[in-house]
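Me: I am a first-year student, and I should like a close look at a single part of this model. Please describe how its strands are paired, and then relate that part to the helices and to the other sheets.

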Amino acid sequence: MIVSIRDKATLAAIRPARVAAYLQATNWKRVALESGRYSIWVNPSVREPIELLLPLDSKFDDFAERMAELLHDLQKQEERSQLDILRDIELSSCDVFRFRKDPRSGFLGTIQLEDGVRFVSYARDLLLLAASAEHDPERPGIAGRRSDDVTSFMSQALLGQTEISSFVVTAQVPIPARLNEELFPDEIASAPEPFERRAGVRLMNLLSLTRDAALEVSQTNDIQPFVDALGQGATVNLYNTLVDAQSIVPGQPLEINCTWAPSRPLFGKGPPKSVLFEPEIILPIRAAVEGLRTRAPKEGERIFGFVEVLQQSAQEVLVGELAVATVIEGKPRKIYLFLQQPDYGKAIVAFTEKRPIEITGDLLKGAKRWTLQNPRDLALYPAESGSVEDEEDLPAGKR
């Protein structure tokens, strides 16, 4: 059905910059500009050439009227509803991710309120996990810690409207437009993607990787594909979020798809645009969560103890391995870790002077030994001589 927009407030709220991005993405070319007032656009590919006038300042009295004329002309050229055109204009500068479930409650896509709230939270968690993995694939899920890139990404992501016929949570991520430079097209094409785009690509790649792992495990009953995916940015939290999201209307598949901002098209082969998790695909993922929980690192653990083993004793080395004697689960343990300078130099001092250290990391119980991954925030304490002054320098609970 062809629908025209008559509401003046809606027309006045349209942003000219997004209209320009949409026109550029759909092969319109700007041929004239009256700075601060309007620009003129033509499309050489249309059968009946027409000029579009794009108003540039919403403060003008005729802004809404001129915008209505532009939408009317686009409607005639594209032969589709102005509502659809306006929606695409609003999304022209955004990567859009749709998290879809098909409820049993009717064609309008209604869902129980509590389920809807949880589903929105799962969509948010998947975006957050992907952004964290893009920032650092080796430590994508440090509880309570976000990089500036991840914080900025999550603060810009917008919650869009749901769509008719399914319950769809849409997330819109604004993306900087790709600048055109006819003199240097190769340099523009090879320009690095912004973090916002890379995080979205990472999400779709991780989802596809997880689905492939589930298909393989369903045929072999070998958990190794899920373990291998952990080395590429996947996490047990990602697997668990997919299991929980699919539990909303459990008999129906979970679909996650994306459309990339027309203002910044992808170059080369991109990730899958849609990944489907049927109920039978979720079963091996659920089994992997149960099997991997005990093998996943305990994030943000604070370890207190004494340095017992140094593999390299020279303070000039850039990276060295050591072991810290401590108590884990009521038993004495040795925790192995690697440190870079200057922290490794502090560890040498602690070993030489028999001084305790405290350090944070991701604690992992391996088949043969305990390790501390991503060590950070090392603190070096005075030797425990038994004096009150020394004891007061020790952390609470270590005296």
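Reply: In β7, Phe97 has Cys258 as its bridge partner. This pair belongs to a predicted model, in which strand β4 (residues 94-101) and strand β7 (residues 254-259) pair in the antiparallel sense over six bridges. Strand β7 also pairs with strand β8 (residues 274-277), again in the antiparallel sense, over four bridges. There, Ile256 stands opposite Val275 in β8.

Further along the chain from β4 lies helix α5, which spans residues 113-135. Two helices that pack together are described by the angle between their axes and by the distance between those axes. For α5 and helix α10 (residues 236-246), the axes come within 10 Å and cross at roughly 160 degrees. An angle over 145 degrees counts as roughly antiparallel, and α5 and α10 are therefore roughly antiparallel to each other. The crossing of α5 past α10 is left-handed. On the α5 side, the contact is made by Phe119, Tyr122, Asp125, Leu126 and Leu129, which meet Asn237, Leu238, Thr241, Leu242, Asp244 and Ala245 in α10. By class, these residues divide into seven nonpolar, two polar and two charged.

Helix α5 also packs with helix α6 (residues 148-156), at an angle of about 150 degrees and with the axes 9 Å apart. That angle makes α5 roughly antiparallel to α6. Here α5 passes its partner α6 in a right-handed crossing. The α5 residues Arg124, Leu127, Leu128, Ala131, Ser132 and His135 meet Asp149, Val150, Phe153 and Met154 in α6. The contact of α5 with α6 has six nonpolar, two polar and two charged residues.

One spacing rule is useful when reading such lists. An α-helix has 3.6 residues a turn, so residues three or four places apart point the same way. In the contact of α5 with α6, the α5 residues include Arg124, Leu128 and Ser132; in the contact of α5 with α10, they include Tyr122, Leu126 and Leu129.

Helix α8 (residues 195-220) offers a check on helix length. At 1.5 Å a residue, its 26 residues should span 38 Å, and its end C-alpha atoms are 36 Å apart, which agrees. After α8 comes Asn221, whose phi is positive, near 60 degrees.

Two other sheets can be set beside the strands described at the start. Towards the beginning of the chain, three strands form an open sheet in the order β1-β2-β3, with antiparallel pairing. Its edge strands are β1 (29-34) and β3 (51-55), each of which pairs on one side only. From one strand to the next, the twist averages 25 degrees. Strand β2 (residues 38-42) pairs with β3 over five bridges, and Tyr38 has Pro55 as its bridge partner in β3. Helix α2 (residues 16-25) packs on this sheet, touching β2 and β3, and its direction makes about 155 degrees with that of β3.

The other sheet is a barrel, closed by five strands in the order β9-β10-β11-β13-β12, and its pairing is mixed. Neighbouring strands are turned by 50 degrees against each other on average, direction ignored. Strands β10 (residues 319-328) and β11 (residues 331-340) pair in the antiparallel sense over 10 bridges, and Val324 has Ile335 as its bridge partner in β11. Helix α12 (residues 343-353) packs on this sheet, touching β9, β10, β11, β12 and β13, and its direction makes about 50 degrees with that of β9.

Conventions
Residues numbered from 1 in each chain as written. Predicted model: local features only at pLDDT ≥ 70, side-chain atom pairs only at ≥ 80, totals over all residues. Heavy atoms only, no water. Axes fitted to C-alpha atoms, helices over the stretch in contact; angles between N-to-C directions. Parallel < 35°, antiparallel > 145°, perpendicular 65-115°, else oblique. Left-handed = near helix turned anticlockwise from the far one by under 90°. Contact = heavy atoms within 4.5 Å. Nonpolar A, V, L, I, M, F, W, Y, C, P; charged D, E, K, R; others polar. Expected span 1.5 Å × (residues − 1). Pairing = 2+ DSSP bridges.
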